Amino acid sequence: MKNSSSIHSSSRLVNKWRLAVLFMVLTGYSMFGQRIMNPQRNALQQVNSEEQTEFNVRLDAFVDSCMKDDNHLSHYAEQRHAYREHEEGDIMRLARAEAKSLFILQNLEEYKHLFIASSRSMTLPDVCENGGFEQDFLYYEGFASEFTHGSDTCSPHNSMGPTSFNPATLPTTNRFEIVTSGIDPLVGINQTKFGDKALRINNRYGHIDSCDGDFGIDKITKKFIVTSTNQVFTLWYAVVLENPVEDPHVNVQPFLNIKCDLAPADELCYAANFVDCDSTYTDSLCISDFDPLDVIDWTCHRFRIDSTYIGDTATLEIIVADCGFGGHFGYAYIDGICEECDGGTFGSIILDSINYFSCDENVAHICGRYTAPEICNQNWWLDSIMINGYTITEIAIDTGSHRICFDVHRSNFGSEFCLDLYISGRFTNGSTFLPIQTSNDIEICKSNYLKPSLDFEVSGCMDNTPEEGSANNNISDDYYFVTVDIGNVSSLNWTIERTLVDPYPNELDTREIADGTGNAQIELGPFKIQEEGWLLTLYVSDSCEYVEYIEPPAYCSGCDKFFEVEISNVQCFTDNTWSFDIEVPGETTGGYYLNATNYDFNEIYTIDELDIAEGCLKYTLIEGMNCNSSFIICPPKPCSTTCNLEVYVEDVPCTKDEYDDITYYADLEVLWPPSKYACYEATDVDGNSLDDGPLPSPQQVGPYDEDIFLTIKVCNSSCSPTAYCPCYKTIYVPVPDCIQGEPLPLTGTFETKVRIHGDVFVQPNPTHSGEIIIYSRFPRTEYEIIDVHGKRILLDSFTGKEHRQSLQVPSGLYFLKYRDMIGHGFCSQDHQAVIVYSMAILRKSCAGWLYYLLNDSGYEPKRRDFFFFSYTLYICISDWISNCTSPGLQESGYFSMLYQQKFIYRTFSAGDEIK
């Protein structure tokens, strides 16, 4: 899609271009100056081709000189500045087209004399018109002749040389006939494929001798103008060919030939002996004369005319021939020109999905389906596929589901922005290959290639203070969440793993913490700040891996001098002792106390000779008279023996009992050897036992109303107090933040990147293509979205501060209007928000246009904002709408108004405002 700024062309260029287009329409030139009437390809032209060639030489020389003339190109400078880099070729094509148009205008009479064909050439039909013969022979011409050999290559000859065809009357009995719905009386196939009528060429009965072919060869043609919509077209046919069994019948069998002169590579040609599946049929008139027949029920063939021929005249030609010896017949039914090729008896291939996802943004994964041939009562399969001039990899043909998939690497693109692709397939039964079947065309574009996006946001520190108004000096309570946005993953599965950078010894450092399908925004946590940093790894479709380092926020409990304290390097030893390191960044001089022992700032100290069996320990950090913080650290598993035990706290749901007392449970995930017993014991932080016993199923313990130390033990025989339990793990579970008995809220406390400017703010969702996010300061927001013509796209309302709305519309300008707090209506002048809405693939184009527009208007934006973050443009209009009866824009268009009136331009990007 062209950049919107191209509409701001100078009036001189616009007027000249309109005039040029008018003359191109009148004189037979396409939009980009391509010749519609090519002298070598249009049989209707009756003028001297040498004169046409000489005219074209002069035209090309004129164009080349213009393209070297800076004056000719100068008025394109504005467009070239506004366009994206990969569209500069389009600018050059416009300049070249204008040069061609100017030359034609200067030599109009000569051009009309040389290239304007008869009036009939300007009224030729589309190839699809009467493609089902519902209007009998309208647009078709018939020809008949005789041949003696040439069936193998569909090049009929007789004794005098190449066969010369003579015009035939339509219809002609046993040669050209329109048939209606019904069953073929000889072979039992349907006479029509679509609608009520079809064409039958030739017949089982000869045109002279009823039971002989009479050397007959019949041809029907249709001339049509090639357009961008019919340059790829289809044709359905069914054919019956008598296969001579006696020798010699070399190069003289009945044959079928379907071709288009402007698509020679797609010519269809085969004789009666091309497949070995003859069947015997009888007829009341010729019961002793018919040899076995090859019957091909309805199947489809596709033609592709190169886009360089758009505007030219093409000829579709269908030939059906009898035997060159005069004793055998062939006939065919034709129907459904321009109907989709899906399910023919020769097989078919349909491409139906494009997934631009790839790990490195370089691969498009394309899939489709196919139907296997249904002829000869034989087993046919798709042997191979090829693509039109490009390279494909990872080809997969699933014969069970009849699905095909392959990858198209981005390296297939040259200077092209988009490619038109189709595949060709070869069906075989192991010994015979059927005519190549081609798929439908699909377009893939370079800008659509995507790789998964992973964005994250770390919340600020959350101080766990269950008692409202109470102070909390325990930094081990401090926690945070991580918001993760996953985009560009389509419907693929994904998982997220958490890998601790400084894990406890002998414990798994990696654990899956989330999974899902498709684009998503999820909130992970809570995570304890004391656990230090970790790696977030996103796996997409088991093939793509993306890693981000998560840096926790600083502590927020206790004294600010200890907000940066680092507790790390937990170690265990074979004598069941353990240690950890501590460092307190801070003052360059002086120190602090740790449980009454003096230490210096900015030094790492190892606290060792700790007993694992004593469980979790509490330490107090003190600096001065009024600065103190405490933390709790728990030991590792014993290192004196193999301890196959993993313990995770999954959730801490809150409850409220009948007395309004709030308690909580600890939902666990515990992994231990299946031959052992898993037991637990919960104590308060002073070591007093709260409860114990076998680990329940599901693994939930509680309820509790205070901080606990929870020990999970792996015992050999039972969970009795005397059982031998050499493997154990003690963890600290603090009372969670609970609000009125509800679990800890996962939203509302994050430091958000989005600030609401004014009352309502709109932005496209960067991770969900086709979705906008509306932020509002009102408790309830009623809004309406209209396009530049004043047509309503959406009328809706929502409550709360944020609303996500799917908006599948083309890129362009859209207006969001809303009611304010005091009830101003949708036509209020003060409450208009104009947004530029951009699909994901056009963001850079949108951003580039914004940059161009603001610069042109005298405003200097921050380039970083526009090219990386800008999706929304607000335009405050002082006197745009005067009343509710005419909400649309001026007929001249909104882009013109931007240059005729004074506006205030603002853009909001990551919270920054450009004024």
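This is a short talk that walks through one protein chain, from the overall picture down to a few single residues.

Hi everyone, and thanks for coming. One thing to keep in mind from the start: what you see is a predicted model. Let's begin with the whole chain. How many helices and strands does the protein chain have? There are nine helices and 54 strands, so as you turn the structure around you will meet strands again and again as we go. The chain has 915 residues, and 50% of them are buried. Its accessible surface is about 42600 Å², with carbon and sulfur atoms making up 48% of that. And if you take the contacts with a separation of 6 or more, 68% of them are between residues 24 or more positions apart.

Now to a sheet that is easy to follow. Four strands make up an open sheet, in the order 14-15-18-17, and the pairing is antiparallel. Which strands sit at the edges? They are strand 14, residues 348-355, and strand 17, residues 392-398, and each of them pairs on one side only. From one strand to the next, the twist averages 20°. As a quick reminder, strands of a sheet pair through backbone hydrogen bonds, in either a parallel or an antiparallel way.

Let's look at two of those pairings. Strand 15, residues 363-371, meets strand 18, residues 403-409, through seven bridges in the antiparallel sense. If you want a place to start, find valine 363: its bridge partner in strand 18 is histidine 409. Strand 18 is also joined to strand 17, by five bridges, and these two run antiparallel as well. Here you can pick out alanine 396, whose bridge partner in strand 18 is cysteine 405. Strands 17 and 18 form a hairpin with four residues between the strands, and in that hairpin histidine 402 takes a positive phi near 60°.

Next, the inside of the protein. Which residues have the most contacts inside the largest nonpolar core? Tyr237 and Ile444 do, in a core of 61 residues. Strand 8, residues 232-242, gives the most to this core, with five residues. Tyrosine 237 is a nice one to click on. Setting aside its neighbours within four places in sequence, its contacts include Leu256, Ile258, Leu268 and Tyr270, then Trp298, Cys300 and His301, and also Tyr333, Ile334 and Phe346. Apart from that core there is another one, of 50 residues, and among them are Val489, Ile522, Cys544 and Trp578.

Now for some backbone details. There is a cis peptide bond between leucine 170 and proline 171, with omega about 0°. Proline 171 is in the loop between strand 4, residues 166-168, and strand 5, residues 176-180. Glycine 702 and proline 703 are also joined by a cis peptide bond, with omega about 5°, and proline 703 is found in strand 42, residues 700-704.

Two asparagines are worth a stop. Asparagine 202 has a positive phi of about 65°, although it is not a glycine. You will find asparagine 202 in the loop between strand 6 and strand 7. Is asparagine 202 buried or exposed? Its relative accessibility is 3%, so it counts as buried. Asparagine 488 has a positive phi of about 60°, and it is not a glycine either. It lies in the loop between strand 24 and strand 25. With a relative accessible area of 24%, asparagine 488 is partly exposed, because buried means under 20%.

Let me finish with two loop residues. Glutamine 530 lies in the loop between strand 27, residues 520-528, and strand 28, residues 534-540. Its relative accessibility is 14%, so glutamine 530 counts as buried. What does its side chain do? The side chain of glutamine 530 makes a polar contact with the side chain of serine 476, at 2.4 Å. A polar atom of the same side chain lies 2.9 Å from the backbone oxygen of isoleucine 632. Beyond four places in sequence, glutamine 530 also touches residues including Tyr555, Ile567 and Phe631.

Last comes valine 735, in the loop between strand 44 and strand 45. At 14% relative accessibility, valine 735 is counted as buried. How far apart are valine 735 and asparagine 464 in space? They are 8.0 Å apart, C-alpha to C-alpha, and 271 residues apart in sequence.

That's my tour, and I'm happy to take questions.

Terms used. Residues are numbered from 1 along each chain as its sequence is written. This is a predicted model: local features need pLDDT of at least 70, side-chain atom pairs count only at pLDDT 80 or more; totals for chains, interfaces and linings use all residues. Side-chain values use heavy atoms; hydrogens and water are left out. Buried means under 20% relative accessible area, exposed over 50%, partly exposed in between (1.4 Å probe, protein chains only). Contact means heavy atoms within 4.5 Å. Accessible areas come from the Shrake-Rupley method with a 1.4 Å probe; for residues, only the protein chains shown count as cover. Two strands pair if DSSP finds at least two bridges between them. Axes are lines fitted to C-alpha atoms, for helices over the stretch in contact, and angles run from 0 to 180 degrees between N-to-C directions. A nonpolar core is a set of buried Ala, Val, Leu, Ile, Met, Phe, Trp, Tyr and Cys residues joined through side-chain atoms within 4.5 Å. A polar contact is a pair of N or O atoms within 3.5 Å; within protein, one must be able to donate a hydrogen and the other to accept it, and residues adjacent in sequence count only if both atoms are side-chain atoms.
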